[in-house]
Amino acid sequence: MESLLQSMADLTKRVMPGDPEASVTLLIKDQPSTVVDTGPLALGLDEVQYERGDGPCLHTARNGVLVEIGDTRADSRWPDYARYVAEHGVLSMLAVPLLLAGEEQVAGSLNVYARRPDAFDEASRAVATGFAPYAAVAAGTVQAYRSARTTADNLQIALESRAVIEQAKGILIERHKLTPDQAFDALATVSMSRNVKVRDIAEHLVRTGELPLVRTRSSQSAARAVQQRDQ
């Protein structure tokens, strides 16, 4: 789907007037990113908007409305950004909303940066808006895949963390005759004392056989008792 989305951006560049560059912005929980582009110019002009937190493409994605700038040298809505764009050779812009079905916190924009002022007429706007539903399907699929992959990666990390914590608890239970709850309390106390994740404390114990010292003198937890026994 990402390859298909790239093909659509390339097609937009070929058929739209004004010697343009094109890109697709995805806005996920109001965090923007460019998923495909036809070159560094389009990508750079996207990222300037992301840094500023506003611009025609972001406005389109957030509000689901088409935005056109006929001449970036005379735009009053985003004057600083338009001036920057004009300095980089882009004299007109078109941002077409991508409506992603069922994705309440995900939106998008098909962005066209033309090197000629007033590059877009009714016919070219119709072409761009005709591309938008297909780009939206592809973009939505890309986002769904990324979301599923992130969920799977997070689950894998969680399972690995649980496994090493259980190993560490087993060491403490066997070595010091603690209950499972006491063993976890020992790991958690060291974790809080050192401001280090429980998983990292557990990994250290499994790898070295040692539980790091608690830095807080007043701690009376199971971890302190375990360390005193070791000494």
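This is a short walk through the sheet, two of the helices and some of the salt bridges of the structure above. Keep in mind that we're looking at a predicted model.

Okay, let's start with the sheet. It's an open one with five strands, and reading across, the order goes β2-β1-β5-β4-β3, with antiparallel pairing. At the edges you find β2, residues 31-37, and β3; each has a single partner strand, so one side of each has no neighbour in the sheet. Neighbouring strands are turned against each other by 20 degrees on average, if you ignore direction.

Now, how do the strands hook up? Take β1, residues 21-28: eight bridges join it to β5, and the two run antiparallel. If you want a spot to look at there, Val24 stands opposite Leu110 in β5. On to β5, residues 106-114, which is joined to β4 by seven bridges, again antiparallel. Here, Leu98 stands opposite Gly108 in β5. And then β3, residues 67-69, is joined to β4 by three bridges, also antiparallel. Val67 has Ala95 in β4 as its bridge partner.

Let me stay with β4 for a moment. How many of the seven residues of β4 are buried? Seven of the seven, across residues 92-98, so this strand is largely enclosed by the rest of the structure. As a reminder, side chains in a regular strand alternate between the two faces of the sheet. In β4 both faces are covered: on one side you have Ser92, Leu94, Val96 and Leu98, on the other Met93, Ala95 and Pro97, and all of them are buried.

So what lies across the sheet strands? Helix α1, residues 2-15, lies across β1, β2 and β5, and runs at about 75 degrees to β2. Helix α2, residues 40-52, lies across β1, β2, β4 and β5, and runs at about 175 degrees to β2.

One surface feature involves helix α1, since that's where Leu11 is found. Leu11, Val15 and Val127 form a nonpolar patch on the surface, and together they have about 200 Å² of accessible area. Leu11 itself counts as partly exposed, because its relative accessibility is 31%.

Last topic: charges. Searching the whole structure turns up ten salt bridges. I'll pick out a few.

Lys13 pairs with Glu21, with the closest N and O atoms 2.8 Å apart. Is each partner buried or partly exposed? Glu21 is buried, at 8% relative accessible area, while Lys13 counts as partly exposed at 29%. These two also belong to a network of salt bridges that links Lys13, Asp19, Glu21 and Arg115.

Then there are two salt bridges within helices. In helix α4, residues 79-87, Asp80 and Arg83 sit three residues apart, about one turn of the helix. Their closest N and O atoms are 3.1 Å apart. Asp80 is partly exposed at 45% relative accessibility, and Arg83 is partly exposed too, at 47%.

In helix α7, residues 198-208, it's Glu203 and Arg199: they're four residues apart, so about one helical turn separates them. Their side chains meet in a salt bridge at 3.0 Å, N to O. Glu203 comes out partly exposed at 27%, and so does Arg199 at 25%.

If you take one thing back to the bench, make it β4: it's largely enclosed by the rest of the structure, with both of its faces covered. That's it from me.

Conventions:
Residues are numbered from 1 along each chain as its sequence is written. This is a predicted model: local features need pLDDT of at least 70, side-chain atom pairs count only at pLDDT 80 or more; totals for chains, interfaces and linings use all residues. Side-chain values use heavy atoms; hydrogens and water are left out. Buried means under 20% relative accessible area, exposed over 50%, partly exposed in between (1.4 Å probe, protein chains only). Two strands pair if DSSP finds at least two bridges between them. Axes are lines fitted to C-alpha atoms, for helices over the stretch in contact, and angles run from 0 to 180 degrees between N-to-C directions. Contact means heavy atoms within 4.5 Å. Patches are made of residues with over 30% relative accessible area and no salt bridge: like charges are joined within 9 Å, nonpolar side chains (Val, Leu, Ile, Met, Phe, Trp, Tyr) within 5 Å. Accessible areas come from the Shrake-Rupley method with a 1.4 Å probe; for residues, only the protein chains shown count as cover. A salt bridge is a side-chain nitrogen of Lys or Arg within 4 Å of a carboxyl oxygen of Asp or Glu.
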